Amino acid sequence: MIARTLLLATALITASSAAAVAQTQETFANRNAIAAPVLRANVQVSGDLVRIGDVIDNAGSAAQIAIYRAPDLGTTGSLPVAQVLNTLRAHQVIGVDTRDLKEISVTRLARTLEGKDIELQIARALERRNGLGDAANLSLTFDRDPGDVKLDAGFTGAMQAAIVRYDNRNGRFDVTFEIGNENGAAAAKLRFTGTAIETVEAAVLARNVERNEILKSSDVMVERRPKTETGADAAARDRAVGMQARRQLRAGQAIRTADLVKPDLVQRDQNVTLIYDAPGIYLTMRGKALDNGTEGDVVNVMNLQSKRTLSGTVTGRGQVSITPVAPRPPQTSDATSSLGTTQAAPVAVATVSSPVAPKAEECKCQSSVSTASFSRAPCCRWPPWPAVVPRSTVCRRSAKSRS
């Protein structure tokens with residue numbers, strides 16, 4: 001009798017449990033009138049928690065219940081299906097269609113800010129601040145390498161510089177950015193500190209260069225150097241190649257414009273070609289340079305044939321051009337009379353015949369009656385005498401000719 005009673009009680013309990021399970025399933029089915037819950041193979045979350053509604057479809061009112069912590073930002077983790085089902089049963093979620101899955105993957109979405117983008121935003125925030133130049137010319141050094149910064153996917157706002165500090169005495173900067181959240185959460189704040197210096201492209205020597213040595217293309221390379229190192233006269237590479245070093249320079253040194261001069265095309269004691277170029281005449285001769293000179297310089301050279309020293313202009317390598325000297329115009333000298341007085345010789349030619357004409361034998365000048373003038377002779381004046389010649393202007397060959 002007692003045994004039959006126990007069996008009956010056990011049957012009642014079993015029936016009661018079965019009824020409870022059926023009622024739970026019915027309740028859950030009522031909650032999800034559309035379809036039964038189905039397990040997802042791949043789960044993506046944007047926060048730091050994984051909820052029931054993230055791992056199954058048709059979770060109903062249980063969708064917002066948190067069951068796991070999400071993986072790190074931008075990473076993916078996996079969960080065994082058996083473990084997930086046990087967790088769901090603990091929250092009265094049963095009858096889940098697993099679709100024969102063995103595990104599910106959970107990925108945490110994130111927004112990635114690359115290090116080069118962060119550096120660019122900081123440079124733009126510091127641009128032209130306290131004496132700095134353009135952002136493209138700024139070189140940043142961080143106290144701690146920011147690398148790639150990851151944020152929750154909800155932070156979709158632009159990087160806004162909230163605080164910008166820069167001290168030009170030591171080059172220190174302190175910049176704080178704010179990034180808004182599309183879900184209404186508080187803005188994320190990112191702070192970066194370090195040093196900023198302005199740089200310029202400079203020509204840098206690849207080897208040691210001696211004084212007066214000409215730079216070749218292989219001797220010069222381009223690097224970005226601090227502006228304080230090169231100053232305002234940093235030499236460009238294309239302007240440095242082919243120039244001559246004004247002084248000794250060392251390898252790795254940034255070249256300045258003041259360090260270079262035009263190369264000497266003529267050097268002291270060098271044999272050069274002297275060029276004399278005049279209308280209708282072109283002469284070349286050998287010479288010896290007495291000075292150093294670049295193109296356009298005036299140097300002294302010695303004509304090796306005449307041993308005379310000339311001045312010429314350097315026109316090319318080993319070439320000096322001698323400028324022809326224009327002849328001086330003739331000058332009219334004053335005649336001295338026999339009485340000791342000086343008179344200017346008349347230059348106009350008279351048209352009347354001369355009442356007193358000098359004798360041809362006195363100065364051996366040939367006269368022309370038609371032109372009333374005398375041809376040029378060693379003792380005759382030039383321009384030709386007039387027909388009427390003053391006594392003081394008569395050429396005298398001897399004491400007998402004085403009259």
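The following exercises concern the packing and the salt bridges of a predicted model.

**Exercise 1.** Identify the residues with the most contacts inside the largest nonpolar core, and the elements that give two or more residues to this core.

*Solution.* The core in question has 23 residues, and those with the most contacts inside it are L113, I122, L126, L140 and F173. Two or more residues come from each of α4 (115-126), β9 (138-142), β10 (149-152), β12 (172-179) and β13 (188-205). Taking L140 as an example, and not counting residues up to four places away in sequence, its contacts are E119, I122, A123, L126, F173, T195 and A196.

**Exercise 2.** Determine whether V106 is buried or exposed, and describe its surroundings.

*Solution.* V106 belongs to strand β7 (residues 103-108). Its relative accessible area is 3%; since buried means under 20%, the residue is buried. Leaving aside neighbours within four places in sequence, V106 is in contact with V43, V45, V50, P71, T75, T76, G77 and L79. Of these, P71 is 35 residues away in sequence, yet the C-alpha to C-alpha separation is 7.5 Å. V106 is also included in a second, separate core of 22 residues, together with V45, I52 and I67.

**Exercise 3.** Explain which parts of the chain the salt bridge between R40 and D57 ties together.

*Solution.* The closest N and O atoms of R40 and D57 are 2.6 Å apart. R40 lies in the loop between β1 (38-39) and β2 (42-45), whereas D57 lies in strand β4 (residues 56-57); the pair therefore ties together parts 17 residues apart in sequence. R40 is partly exposed, at 28% relative accessible area, and D57 is partly exposed, at 31%.

Note on methods. Residues numbered from 1 in each chain as written. Predicted model: local features only at pLDDT ≥ 70, side-chain atom pairs only at ≥ 80, totals over all residues. Heavy atoms only, no water. Core = buried A, V, L, I, M, F, W, Y, C linked by side-chain atoms within 4.5 Å. Buried < 20%, exposed > 50% of the residue type's maximum accessible area, 1.4 Å probe, protein only. Helix = DSSP H or I, 4+ residues; strand = E, 2+ residues; numbered from the N terminus. Contact = heavy atoms within 4.5 Å. Salt bridge = Lys/Arg side-chain N within 4 Å of Asp/Glu carboxyl O.
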